[in-house]
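User: Could you take me through one part of this model up close? I'd like to hear about the second largest pocket and what surrounds it.

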Amino acid sequence: MKNGTENTYQEALEGKKHRLRILKYWGIRIFEFVGYSIAFAMAVMAFMLFTNTNVMLDAATFGLLFPIYLLITGAVMIMAFGISMFQTYFPILVSLNVTRKRAAGSIILVEGVSTFILILLAAAVWGAAAKKSGEDTMELLTLFSGIFFIIVAVGILFSVVIIRWGKIGVILLIVTFAAAGGVVGAFMAMKGGDVFLHMQRYLIEDVAGKNFLPVLCAGIFSYVAAGALAVFATKKAEIKI
């Protein structure tokens, strides 16, 4: 009887240690996602400042514009990280006897938590900037949070396509990224050195008073729907290590 109790205790202890290792692993991934997103946003903003020498960046302007860069670049980074996770870690997890449902769900959850943290950080910066500038940033937060979730959802869908159809998914991803890069490049070419001023004038001033709650709801729905589709579509996916 005593040996049975000790065995049960040891199993429970090992199970607890295993869960802690899993939490630590995914916690590190979330930290990396958020950290890289912040660093990339700072780098992009520094580049924009370098190419727009006529713009003076004071604390108020930084507080209003940095969250925009953070949410846009963060969404792209997490989308890319999510695709990479599905391509690399998903097969490894499955090979370690983790169910496909749990493996896909874990990756999707990590993307969602990372997204939520970046949105909270953007909200905090905007909140501090709003107190100084008097700008109402709630519309901006709602708009870009919705866009963030939509971009992450698109990344999840690409992940599913790549897992299920391999090279076809990769080709589709490259074509989409090239098209998006062309659009961004054309926009910057048209605006020239006034990109900063354009963002401040149109993205901050023109959104005032508008309701972007439908965009946020659409973004959250897209993320949840894409996640559910990923869990369903990867159930019978062929895994190659």
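Analyst: The second largest pocket in this predicted model has a volume of about 540 Å³. If you're wondering how anyone finds a space like that, rolling a probe the size of a water molecule over the atoms shows where empty space is left.

So who's around it? The pocket is lined by 21 residues. Look for Ile22, Tyr25, Trp26, Leu93 and Ser106, since those are the ones that lie nearest its centre. Three helices each put at least two residues into the lining: H1 (2–50), H2 (59–95) and H3. H1 gives the most, with nine residues. As for chemistry, the lining splits into 14 nonpolar residues, four polar and three charged.

While you're looking at H1, check out the one salt bridge in the structure. Glu32 pairs with Arg29 there, and their closest N and O atoms are 3.0 Å apart. These two sit three residues apart in helix H1, so about one helical turn separates them. Their surroundings aren't alike, though: Arg29 is buried, with a relative accessible area of 10%, while Glu32 counts as partly exposed at 29%.

Now hop over to H3, which covers residues 100–133 and includes Ile117. Ile117 is partly exposed because its relative accessible area is 34%, which falls between the 20% and 50% cut-offs. Together with Leu109 and Val113, Ile117 makes a nonpolar patch on the surface, and the three have about 230 Å² of accessible area together.

How values were computed: Residues are numbered from 1 along each chain as its sequence is written. This is a predicted model: local features need pLDDT of at least 70, side-chain atom pairs count only at pLDDT 80 or more; totals for chains, interfaces and linings use all residues. Side-chain values use heavy atoms; hydrogens and water are left out. Patches are made of residues with over 30% relative accessible area and no salt bridge: like charges are joined within 9 Å, nonpolar side chains (Val, Leu, Ile, Met, Phe, Trp, Tyr) within 5 Å. Accessible areas come from the Shrake-Rupley method with a 1.4 Å probe; for residues, only the protein chains shown count as cover. A salt bridge is a side-chain nitrogen of Lys or Arg within 4 Å of a carboxyl oxygen of Asp or Glu. Helices (H or I, at least four residues) and strands (E, at least two) are DSSP runs, numbered from the N terminus. Buried means under 20% relative accessible area, exposed over 50%, partly exposed in between (1.4 Å probe, protein chains only). On a 1 Å grid over the protein atoms alone, a cavity is a set of points where a 1.4 Å probe fits but cannot get out, and a pocket is an open set with protein on both sides within 12 Å along at least five of seven lines; lining residues have an atom within 4 Å of a point. Grid points are joined across faces, edges and corners, and a volume is the space filled by probe spheres set on the points. Ala, Val, Leu, Ile, Met, Phe, Trp, Tyr, Cys and Pro count as nonpolar, Asp, Glu, Lys and Arg as charged, and the others, Gly among them, as polar.
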